[in-house]
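Work through the exercises below with the model open. Each task is followed by a stepwise solution.

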Amino acid sequence: MAVLTELYSTTRANREMPLADNVTNHNAFLYILENKGHIKNANGGRDLTEPLLYGEYSNAKWYDGYETFTVDTSEEVVTAAVYDWKQLGGFAFISGKEEHMNVGKHAAVDLVTAKDEGLMATLRNKAAIALYNDGVTDPKAWGGLQLLVADAPATGVVGGIDRATDAWWRNQTSGDITMDAANIQGEMNDMYLATIRGQDQTDLILADLVAYKAYWESLQVIQRITSVEMGEAGFHALEFMKAPVVYDTACPANHMYFLNTDFLRMRKAPGRWFTDETPQAIQSADYTLFPNWTMSNLTMNNAARQGVIWSS
């Protein structure tokens with residue numbers, strides 16, 4: 001199978017858009033993270049650690065002249081969230097029979113292109129769904145927004161920290177609401193104010209069909225402001241307080257996520273971010289595999305700046 005295998009390898013090497021770019025540019029959330037430089041290599045190790053500032057030093061105070069300070073050196077104001085590595089992989093493949101059935105140059109190119117596009121589409125879809133994973137539905141996938149920005153944030157463990165006991169590690173939530181054009185803007189105003197702190201503010205809003213239509217229909221024609229940047233990137237996006245509001249087909253039903261991506265990261269293993277690897281000829285069978293590997297996870301280091309509006 002040397003001819004078709006070589007053609008496949010060459011096609012991958014000369015692919016106009018690498019698979020990693022194909023995945024990130026296909027998804028609004030990953031697109032924003034990539035543009036901010038937040039798809040970052042991790043330093044290796046058994047897990048992914050994100051330092052967290054969760055308290056204040058009690059010795060800091062207003063003072064006068066020679067007044068003394070009491071410093072409690074046992075005080076802890078920094079902890080860490082610890083996330084597990086998650087792995088995604090897939091194979092395109094070509095059999096000896098396929099090679100001999102596609103002996104013409106154009107037929108071979110068509111077959112290789114179809115195989116490659118099939119793998120790309122599959123991995124894109126897997127990634128899009130995993131970005132909303134709740135950590136339970138598919139425990140092997142990324143811990144997605146239903147885990148990090150939960151409907152009921154006073155329960156569950158995120159990054160090794162129990163939200164039932166550590167209130168500072170909870171995201172904002174609307175609670176179960178009626179999601180329609182009549183009240184969506186009021187809920188969005190409340191969520192925006194709940195997640196803002198100084199210059200820390202929502203920079204991306206992701207919505208399912210119901211939430212997106214409720215917001216869209218709540219706007220008068222003259223008020224329909226679209227995000228130029230996201231539009232140029234190929235995403236249909238309205239705006240709310242300068243944050244793009246993006247309809248995402250993978251978003252859970254009746255949900256709208258208010259994200260401050262300054263506090264979100266996609267941590268990846270060096271050399272394993274939708275990376276094509278060397279073809280593998282199967283010794284005991286008549287086909288060759290073309291693998292692609294990803295080793296990464298979505299992490300968060302500030303929950304209070306994230307929020308979700310939802311309806312049951």
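**Exercise 1.** Is K36 buried, partly exposed or exposed, and what is its relative accessible area?

*Solution.* The model is predicted, so treat every value as computed from it. Step one: read the accessibility. K36 has a relative accessible area of 34%. Step two: apply the cut-offs. Buried means under 20% and exposed means over 50%. K36 is therefore partly exposed.

**Exercise 2.** Find the salt-bridge partner D262 of K36 and place both residues in the chain.

*Solution.* Step one: check the distance. The closest N and O atoms of D262 and K36 are 2.8 Å apart. Step two: locate the ends. D262 sits in the loop between β11 (255-259) and β12, and K36 in the loop between α3 and β1 (39-41), so the pair ties together parts 226 residues apart in sequence. Step three: check the cover of D262. Its relative accessible area is 34%, which makes D262 partly exposed. Step four: widen the view. K36, D203 and D262 are linked in a network of salt bridges. The count of salt bridges comes to five.

**Exercise 3.** Describe the pairing of E50 with R267 and its surroundings.

*Solution.* Step one: the pair. A salt bridge joins the two side chains, at 2.7 Å from N to O. Step two: the positions. R267 is in strand β12 and E50 in strand β2, 217 residues apart. Strand β2 covers residues 48-53. Step three: the cover. R267 and E50 are both buried. For E50 the relative accessible area is 3%. Step four: the neighbours. Beyond four places in sequence, E50 touches residues including T79, Y83, R265, T299 and N301.

**Exercise 4.** Compare that pair with E277 and R272: how far apart are their closest N and O atoms, and are the residues buried or partly exposed?

*Solution.* Step one: the distance. The closest N and O atoms in this salt bridge are 3.8 Å apart. Step two: the cover. E277 is partly exposed at 30%. R272 is partly exposed at 25%.

**Exercise 5.** Work along helix α3 (residues 28-35): how many of its residues are buried, and what do they touch?

*Solution.* Step one: count. Six of the eight residues are buried. They are A28, F29, L30, Y31, I32 and L33. Step two: inspect the ends. N27 caps the N-terminal end, with a side-chain oxygen 3.0 Å from the backbone nitrogen of F29. Just after the helix, G37 takes a positive phi of about 75 degrees. Step three: take L30. Its relative accessibility is 0%, so L30 counts as buried. Outside its sequence neighbours within four places, L30 touches V23, T24, I39, L131 and M266. Step four: take F29. Its contacts beyond four places in sequence include L131, L145, L204, L206 and L298. Of the 53 residues in the largest nonpolar core, F29 and L206 touch the most other members. A second, separate core has 20 residues, among them M179 and Y215.

**Exercise 6.** Turn to the surface: which residues make the nonpolar patch of about 320 Å²?

*Solution.* Step one: name the members. Y63, F69 and V71 make the patch. Step two: place Y63. It is in the loop between β2 and β3 (78-83). Step three: check its exposure. At 53% relative accessibility, Y63 counts as exposed.

Definitions and conventions: Residues numbered from 1 in each chain as written. Predicted model: local features only at pLDDT ≥ 70, side-chain atom pairs only at ≥ 80, totals over all residues. Heavy atoms only, no water. Buried < 20%, exposed > 50% of the residue type's maximum accessible area, 1.4 Å probe, protein only. Helix = DSSP H or I, 4+ residues; strand = E, 2+ residues; numbered from the N terminus. Polar contact = N/O pair within 3.5 Å; in protein donor to acceptor, adjacent residues only side chain to side chain. Core = buried A, V, L, I, M, F, W, Y, C linked by side-chain atoms within 4.5 Å. Contact = heavy atoms within 4.5 Å. Patch = residues over 30% accessible without salt bridge, like charges linked within 9 Å, V, L, I, M, F, W, Y side chains within 5 Å. Areas by Shrake-Rupley, 256 points an atom, 1.4 Å probe, with all protein chains shown as cover. Salt bridge = Lys/Arg side-chain N within 4 Å of Asp/Glu carboxyl O.
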